[in-house]
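Hi everyone, thanks for making time for this. I'd like to walk you through one structure, so please have a look at it first.

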Amino acid sequence: MIKEKTISTRGLKSDAHLFGELIFDVNSAYFHNHGGYEYAKQFYADAYQAAVEIVGGEQYILSAVMHADERNRAMSEALGQDVYHYHLHVVYIPVVEKQILWSKRCKDKSLVGTVKETIMQVSSSKKWLSKPALDEAGNPILQKNGKAYPNGRRTRSCFTMPPTLSPISAHTISG
(Lines give C-alpha, C1' and ligand atoms only; values in the text may rest on other atoms or scores of the structure.)
Protein backbone atom coordinates (compact mmCIF):
# COMPACT_ATOMS: atom_id res chain seq x y z
CA MET A 1 0.00 0.00 0.00
CA ILE A 2 2.94 2.30 0.58
CA LYS A 3 4.29 1.69 -2.94
CA GLU A 4 0.86 2.33 -4.47
CA LYS A 5 0.59 5.51 -2.33
CA THR A 6 -2.67 4.30 -0.77
CA ILE A 7 -1.11 5.13 2.60
CA SER A 8 1.84 7.17 3.77
CA THR A 9 4.25 6.48 6.62
CA ARG A 10 5.95 9.85 6.18
CA GLY A 11 7.05 11.30 9.50
CA LEU A 12 6.59 8.10 11.50
CA LYS A 13 9.20 6.87 13.94
CA SER A 14 10.82 3.54 13.11
CA ASP A 15 9.08 1.86 16.07
CA ALA A 16 5.61 3.26 15.28
CA HIS A 17 2.62 0.88 15.36
CA LEU A 18 1.56 0.15 11.79
CA PHE A 19 -1.29 -2.23 12.61
CA GLY A 20 -4.27 -2.38 14.90
CA GLU A 21 -6.78 -5.08 15.72
CA LEU A 22 -10.50 -4.87 16.32
CA ILE A 23 -12.03 -7.72 18.26
CA PHE A 24 -15.80 -8.12 18.11
CA ASP A 25 -16.93 -10.26 20.99
CA VAL A 26 -20.41 -11.46 21.95
CA ASN A 27 -21.70 -13.51 24.86
CA SER A 28 -22.13 -17.14 23.73
CA ALA A 29 -25.71 -17.28 25.01
CA TYR A 30 -26.74 -14.53 22.59
CA PHE A 31 -25.89 -16.65 19.55
CA HIS A 32 -27.10 -19.88 21.09
CA ASN A 33 -30.50 -18.30 21.77
CA HIS A 34 -30.75 -16.81 18.27
CA GLY A 35 -29.84 -19.75 16.06
CA GLY A 36 -26.21 -20.66 16.73
CA TYR A 37 -23.55 -20.71 14.04
CA GLU A 38 -25.68 -19.52 11.10
CA TYR A 39 -26.93 -16.55 13.11
CA ALA A 40 -23.35 -15.78 14.22
CA LYS A 41 -22.12 -15.81 10.61
CA GLN A 42 -24.70 -13.22 9.56
CA PHE A 43 -24.15 -11.16 12.69
CA TYR A 44 -20.41 -11.02 12.10
CA ALA A 45 -20.90 -10.19 8.42
CA ASP A 46 -22.71 -7.11 9.71
CA ALA A 47 -19.95 -6.54 12.29
CA TYR A 48 -17.37 -6.66 9.49
CA GLN A 49 -19.25 -3.88 7.68
CA ALA A 50 -19.14 -1.86 10.93
CA ALA A 51 -15.36 -2.48 11.05
CA VAL A 52 -15.04 -1.12 7.51
CA GLU A 53 -16.76 2.07 8.67
CA ILE A 54 -14.66 2.30 11.85
CA VAL A 55 -11.30 2.02 10.05
CA GLY A 56 -12.26 4.27 7.14
CA GLY A 57 -12.59 1.76 4.32
CA GLU A 58 -12.10 -1.85 3.36
CA GLN A 59 -8.77 -1.03 1.72
CA TYR A 60 -7.24 -0.61 5.21
CA ILE A 61 -8.34 -4.03 6.45
CA LEU A 62 -5.62 -6.66 6.16
CA SER A 63 -7.52 -9.64 7.55
CA ALA A 64 -10.81 -10.54 9.19
CA VAL A 65 -11.38 -13.94 10.82
CA MET A 66 -14.47 -15.11 12.68
CA HIS A 67 -13.90 -18.19 14.76
CA ALA A 68 -15.24 -20.15 17.69
CA ASP A 69 -12.15 -21.76 19.15
CA GLU A 70 -13.15 -21.49 22.79
CA ARG A 71 -15.73 -23.78 24.37
CA ASN A 72 -18.03 -22.05 26.86
CA ARG A 73 -17.77 -24.58 29.68
CA ALA A 74 -20.56 -23.19 31.87
CA MET A 75 -23.11 -23.05 29.03
CA SER A 76 -22.01 -26.43 27.65
CA GLU A 77 -22.50 -28.05 31.05
CA ALA A 78 -25.84 -26.33 31.64
CA LEU A 79 -27.23 -27.31 28.22
CA GLY A 80 -25.60 -30.74 27.97
CA GLN A 81 -24.04 -29.89 24.59
CA ASP A 82 -21.01 -28.02 23.32
CA VAL A 83 -21.52 -24.26 23.10
CA TYR A 84 -18.70 -22.23 21.57
CA HIS A 85 -17.67 -18.62 22.06
CA TYR A 86 -17.67 -16.73 18.73
CA HIS A 87 -15.56 -13.68 18.01
CA LEU A 88 -14.24 -11.74 15.04
CA HIS A 89 -10.66 -10.44 14.72
CA VAL A 90 -10.07 -7.63 12.21
CA VAL A 91 -6.46 -6.53 11.60
CA TYR A 92 -6.21 -3.10 9.99
CA ILE A 93 -3.89 -0.19 9.29
CA PRO A 94 -4.88 2.85 11.41
CA VAL A 95 -5.03 5.89 9.16
CA VAL A 96 -6.10 9.50 9.41
CA GLU A 97 -6.67 11.99 6.64
CA LYS A 98 -3.84 14.52 6.65
CA GLN A 99 -3.52 17.71 4.65
CA ILE A 100 -0.05 18.58 3.36
CA LEU A 101 0.38 22.35 3.02
CA TRP A 102 2.66 24.29 0.71
CA SER A 103 5.72 25.44 2.70
CA LYS A 104 7.50 28.81 2.85
CA ARG A 105 10.01 27.44 0.33
CA CYS A 106 7.37 27.40 -2.40
CA LYS A 107 8.27 29.79 -5.24
CA ASP A 108 4.65 30.89 -5.64
CA LYS A 109 4.10 32.74 -2.34
CA SER A 110 0.32 32.82 -2.89
CA LEU A 111 0.30 29.03 -2.34
CA VAL A 112 2.09 29.08 1.04
CA GLY A 113 -0.14 27.61 3.73
CA THR A 114 -2.71 26.25 1.28
CA VAL A 115 -3.40 22.55 0.78
CA LYS A 116 -0.90 20.92 -1.55
CA GLU A 117 -2.34 17.40 -1.22
CA THR A 118 -4.38 15.22 1.11
CA ILE A 119 -2.93 11.86 2.13
CA MET A 120 -3.99 8.94 4.28
CA GLN A 121 -1.32 8.90 6.99
CA VAL A 122 -0.65 5.82 9.11
CA SER A 123 -1.24 7.14 12.59
CA SER A 124 -1.95 6.23 16.18
CA SER A 125 -3.40 9.68 16.81
CA LYS A 126 -6.32 10.73 19.01
CA LYS A 127 -8.70 9.19 16.47
CA TRP A 128 -7.50 5.84 17.79
CA LEU A 129 -7.76 6.82 21.48
CA SER A 130 -6.36 3.94 23.51
CA LYS A 131 -6.69 2.81 27.09
CA PRO A 132 -4.71 0.05 28.81
CA ALA A 133 -6.16 -3.39 28.06
CA LEU A 134 -7.73 -4.83 31.19
CA ASP A 135 -8.31 -8.40 32.32
CA GLU A 136 -11.63 -9.72 33.65
CA ALA A 137 -10.92 -8.24 37.10
CA GLY A 138 -10.25 -4.76 35.66
CA ASN A 139 -6.46 -4.91 36.16
CA PRO A 140 -4.00 -3.89 33.41
CA ILE A 141 -2.76 -6.81 31.31
CA LEU A 142 0.95 -7.30 32.01
CA GLN A 143 3.83 -8.70 29.99
CA LYS A 144 5.21 -12.15 30.76
CA ASN A 145 7.82 -10.51 32.99
CA GLY A 146 5.06 -8.94 35.12
CA LYS A 147 5.71 -5.36 33.99
CA ALA A 148 3.25 -3.03 32.30
CA TYR A 149 3.53 -2.62 28.53
CA PRO A 150 5.72 0.41 27.65
CA ASN A 151 4.34 3.46 25.85
CA GLY A 152 0.76 2.24 25.90
CA ARG A 153 1.50 -0.86 23.83
CA ARG A 154 -1.16 -3.54 24.12
CA THR A 155 -3.94 -1.04 24.47
CA ARG A 156 -7.67 -1.21 23.89
CA SER A 157 -9.93 1.38 22.28
CA CYS A 158 -13.68 1.07 22.54
CA PHE A 159 -16.03 2.20 19.79
CA THR A 160 -19.73 2.88 19.83
CA MET A 161 -21.36 0.30 17.61
CA PRO A 162 -24.32 0.87 15.28
CA PRO A 163 -27.66 -0.01 16.93
CA THR A 164 -27.98 -3.16 14.79
CA LEU A 165 -24.84 -4.53 16.47
CA SER A 166 -25.53 -3.27 19.99
CA PRO A 167 -25.05 -6.62 21.85
CA ILE A 168 -21.38 -6.78 20.87
CA SER A 169 -18.35 -5.02 22.21
CA ALA A 170 -15.63 -3.92 19.81
CA HIS A 171 -12.10 -3.24 20.93
CA THR A 172 -8.93 -2.31 19.14
CA ILE A 173 -5.70 -3.78 20.34
CA SER A 174 -2.32 -2.55 19.19
CA GLY A 175 1.09 -3.80 20.07
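**A nonpolar patch, and what lies beyond**

Let me begin on the surface, where Leu18, Phe19 and Leu62 make a nonpolar patch of about 260 Å². Phe19 sits in the segment before β1, which covers residues 20-25. With a relative accessible area of 47%, Phe19 counts as partly exposed. Before I go on, please keep in mind that this is a predicted model.

Now the overall picture. The protein has 3 helices and 8 strands, and from the N terminus on they come in the order β-α-α-β-α-β-β-β-β-β-β. There are 175 residues, of which 31% count as buried. The accessible surface comes to about 11300 Å², and carbon and sulfur atoms hold 52% of that. For those of you who like contact maps: take the contacts between residues at least 6 apart in sequence, and 60% of them join residues at least 24 apart.

Next, helix α2. It has 19 residues and spans 26 Å from its first C-alpha to its last, close to the 27 Å expected at 1.5 Å a residue. Which residues of α2 are buried? They are Ala40, Phe43, Tyr44, Ala47, Tyr48, Ala50, Ala51, Val52, Ile54 and Val55. And what covers the buried residues of α2? The cover includes β1, α1, β2, β3 and β4. Just after the helix, Gly56 takes a positive phi of about 95°.

Some of those α2 residues come back when we look at the rings. A search of the whole structure finds 4 aromatic pairs. In one of them, Tyr30 and Phe43 have ring centres 5.7 Å apart and planes at 65°, so this pair is edge-to-face. Tyr30 belongs to helix α1 and Phe43 to helix α2, so the pair ties together parts 13 residues apart in sequence. Are the two partners buried or exposed? Tyr30 is partly exposed at 22% relative accessibility, while Phe43 is buried at 4%. Phe43 also pairs with Tyr44: their centres are 5.8 Å apart and their planes at 85°, so that pair is edge-to-face as well. Tyr44 is buried, with a relative accessible area of 3%. Ring pairs link Tyr30, Tyr39, Phe43 and Tyr44 into a cluster.

Let me finish with charges. Side chains of opposite charge can pair when their charged atoms come close. How many salt bridges does a search of the whole structure find? It finds 2.

One salt bridge brings us back to α2, where the side chains of Glu38 and Lys41 meet at 3.5 Å, N to O. These residues are 3 apart in the helix, which means that about one helical turn separates them. As for why that spacing suits a pair, an α-helix has 3.6 residues a turn, so residues three or four places apart point the same way. Glu38 is exposed, with a relative accessible area of 51%, whereas Lys41 is partly exposed at 36%.

The other salt bridge joins the side chains of Asp82 and Arg71, at 2.6 Å, N to O. This pair links distant parts of the chain, 11 residues apart: Asp82 is in the loop between α3 and β3, and Arg71 is in strand β2. Asp82 is partly exposed at 46% relative accessibility, and Arg71 is partly exposed at 42%.

That's my tour, and I'm happy to take questions.

Definitions and conventions:
Residues numbered from 1 in each chain as written. Predicted model: local features only at pLDDT ≥ 70, side-chain atom pairs only at ≥ 80, totals over all residues. Heavy atoms only, no water. Helix = DSSP H or I, 4+ residues; strand = E, 2+ residues; numbered from the N terminus. Buried < 20%, exposed > 50% of the residue type's maximum accessible area, 1.4 Å probe, protein only. Contact = heavy atoms within 4.5 Å. Areas by Shrake-Rupley, 256 points an atom, 1.4 Å probe, with all protein chains shown as cover. Patch = residues over 30% accessible without salt bridge, like charges linked within 9 Å, V, L, I, M, F, W, Y side chains within 5 Å. Salt bridge = Lys/Arg side-chain N within 4 Å of Asp/Glu carboxyl O. Expected span 1.5 Å × (residues − 1). Phe/Tyr/Trp six-rings, centres within 6.5 Å; stacked < 30°, edge-to-face > 60°.
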